[in-house]
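Open the model in your viewer and keep the selection tool at hand. The tour goes from the whole chain to single residues.

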Amino acid sequence: MLAAKPHIVILGAGYGGIVTVKRIAKQLSTNDANITLISKHDYHYQTTWLHEPAAGTLHHDRTRMKIADLIPSHVQFIEDEVVEIHPKENKVSLKNNEQVTYDYLVTALGSVAETFGVEGVYEYAFNKWTLNGARELREHTEYMFAKYNNEQKEEYLTFVVAGAGFTGIEYIGELSERMPELCKEFDVPMNKVKMYVIEAAPTALPGFDPELVEYAMNLLENRGVEFKINMPISKVTEDGVILKDGTEIKAGTVIWATGVRGNPVIEKSGFENMRGRVKVTKDLRAPDYDNVFIIGDCSLIINEQTDRPYPPTAQIATQQAEVAARNLANLVKGRPLEEFQPDIKGTVASLGGKEAIGVIGDKKVFGFSANFMKKMIDNRSLWMIGGTGLVIKKGKNPF
C-alpha cells in the first residue's frame, strides 16, 4: 500500500508566501506532495510599492497581480482568512471554510501596525499598509482637498506622518512630490498645505547613514515637509495628534508608519513570540514544532553582529522563502536541512519623483542613481514571482 502524500500548506501570498509556493512547486513533483496556498485575497500585491498608490502617484492596479496567474496549476488555492493555527493538531482554522489539515506548514502572514501603546491609532489614523488601505488613503487625501474648497479649515490640508522610518519617508516623498499637482487640480494655494513627519527617535531613518539622512531631509524640507524629531506622539485624536510635551497638531489626515508587529494570528495560536514575531531556529522552524516554518514579518532573526533583530523587509522574506522551500523538499525527501543566512545586498528608499537614497554593498547612492537602483530592485521582485512577462507587464522604467 502506498503511503499518503504529505500535505504542504502555505499561509499568506505576500513576498514570502508566493516565493515559497513557486520554489517548492519546482522542487517537488505532484507525486511527492500536495501543495495548498491560503490567502484572504485572490491577488498578490507588492507591499513595498504601497507608498505610491497611497499618495496617488501610481495606480493601485499596478501593484497587484492575480494569484492564479502566478502559481502552478497543480497548487490548490483557497481564498480565505486564517483565524488560528493549531500546531499541536496540525490544523488551520479558516474564517469561511472548514479546518485544513497539514503535514508541513509555512506561515507567511505578514504584519499589522505597531502602536507602541499610543491611544487612538486604530480609530483615527490610516494604519493599514495594504492595497485597500492605500486606495482609501489616496481617496481621503483628494476628498480633503475638495472639502477645503467648501469650508477652508486649515486642518483639512494638514497631513501628519507618524514615523520617519522607511515607510514614512517613502510615503511623504511621494505625497510631497504630488502636492503641487493636487494644489493645481483643486485650486488650492500651495502655502496652505502643511506636511509634518513626527519621529520619536533622535533621528529620521534610525540606523541609516547620516549623510543619506541629511540628503533626504533637506530634499523633503525643500518641498515643504516639516520634521519633528525626538518628539513622541502620546495620542491620536479625531482632530489630529497630541505630542508627549502636550503640543497639539490639528490635522485632517494622520498616517501611522512607526513600524509593524507580526500578524495577530501568531499570538492567538500560542506560539512563543515577541510583538507577534517568533524567534525561529536557524533552519526557520518554530521552536517545538519541527513541521512549522515561519518566515517574513512573523519571524524574528537576530543579527549577531548588532545583537538586534533584522528588520522585517521584503528582501529577507524572499531569501527566507528560498531556504524554506529547499528545507521543505529536504524534509519530504529525508535530507538534512540548511541554515538561513541573511544576505543584505543593499537598502534603497525612494523620495518621490526621480529621487532616492540608498546603500548598495558599501557604496552610498543618491538622486538619480539611487532611483535607478530602486526601480531595478522593484523589477527584480516582479521577476522572482512572475518572470520576464510580469516585468514587461507591471515593471517600472528606471530611466
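## Whole chain

Start with everything selected: buried residues make up 52% of the 399 residues in the protein. This is a predicted model. Switch to cartoon view, where nine helices and 27 strands appear. Align the view to the principal axes; the C-alpha atoms fill a box of roughly 80 × 40 × 40 Å. The radius of gyration is 22 Å, which agrees with the value near 21 Å that a compact globule of 399 residues would have.

Now turn on contacts. Of those with a separation of 6 or more, 66% join residues 24 or more positions apart. Then show the surface. About 18,800 Å² is accessible, and carbon and sulfur atoms hold 48% of that. Colour by charge next: there are 46 positive and 52 negative side chains. The centres of these two sets lie 4 Å apart.

## The cores

Select Leu11, Leu37, Val82, Phe271, Leu284 and Ile294. Within the largest nonpolar core, of 60 residues, these touch the most other members. Add helix H8, residues 314-332, which gives the most to this core, with seven residues. Nonpolar side chains tend to be buried together in soluble globular proteins.

Zoom in on Phe271. What does Phe271 touch, not counting residues up to four places away in sequence? The set is Ile85, Pro87, Ile266, Val278, Ala286, Tyr289, Val292 and Ile294. Apart from this core lies another, of 44 residues; pick Ala54, Phe186, Val225 and Leu351 from among them.

## Helix H5 and the loop after it

Go to helix H5, residues 166-185, and select Phe166. Its relative accessible area is 27%, so Phe166 is partly exposed. Leaving aside neighbours within four places in sequence, Phe166 is in contact with Leu205, Phe208, Thr347, Val348 and Ala349. Draw a distance to Leu137, 29 residues away along the chain: the C-alpha atoms are separated by 18 Å.

Move on to Asp187, in the loop between H5 and strand E12 (194-199). Is Asp187 buried or exposed? Asp187 is exposed, because its relative accessible area is 65% and the cut-off for exposed is over 50%. Check the backbone too: phi of Asp187 is near 55°, a positive value in a residue other than glycine.

## Leu205

Last stop: Leu205, in the loop between E12 and helix H6 (210-222). Phi of Leu205 is also positive, near 45°. Leu205 counts as buried, because its relative accessibility is 2% and buried means under 20%. Show Phe166 again to see its contact with Leu205.

Key
Residues are numbered from 1 along each chain as its sequence is written. This is a predicted model: local features need pLDDT of at least 70, side-chain atom pairs count only at pLDDT 80 or more; totals for chains, interfaces and linings use all residues. Side-chain values use heavy atoms; hydrogens and water are left out. A nonpolar core is a set of buried Ala, Val, Leu, Ile, Met, Phe, Trp, Tyr and Cys residues joined through side-chain atoms within 4.5 Å. Buried means under 20% relative accessible area, exposed over 50%, partly exposed in between (1.4 Å probe, protein chains only). Helices (H or I, at least four residues) and strands (E, at least two) are DSSP runs, numbered from the N terminus. Contact means heavy atoms within 4.5 Å. The radius of gyration is taken over C-alpha atoms; the globule rule is 2.2 Å times the number of residues to the power 0.38. Accessible areas come from the Shrake-Rupley method with a 1.4 Å probe; for residues, only the protein chains shown count as cover. Lys and Arg count as positive and Asp and Glu as negative; His and the chain ends are not counted. The place of a charge is taken as NZ of Lys, CZ of Arg, CG of Asp or CD of Glu.
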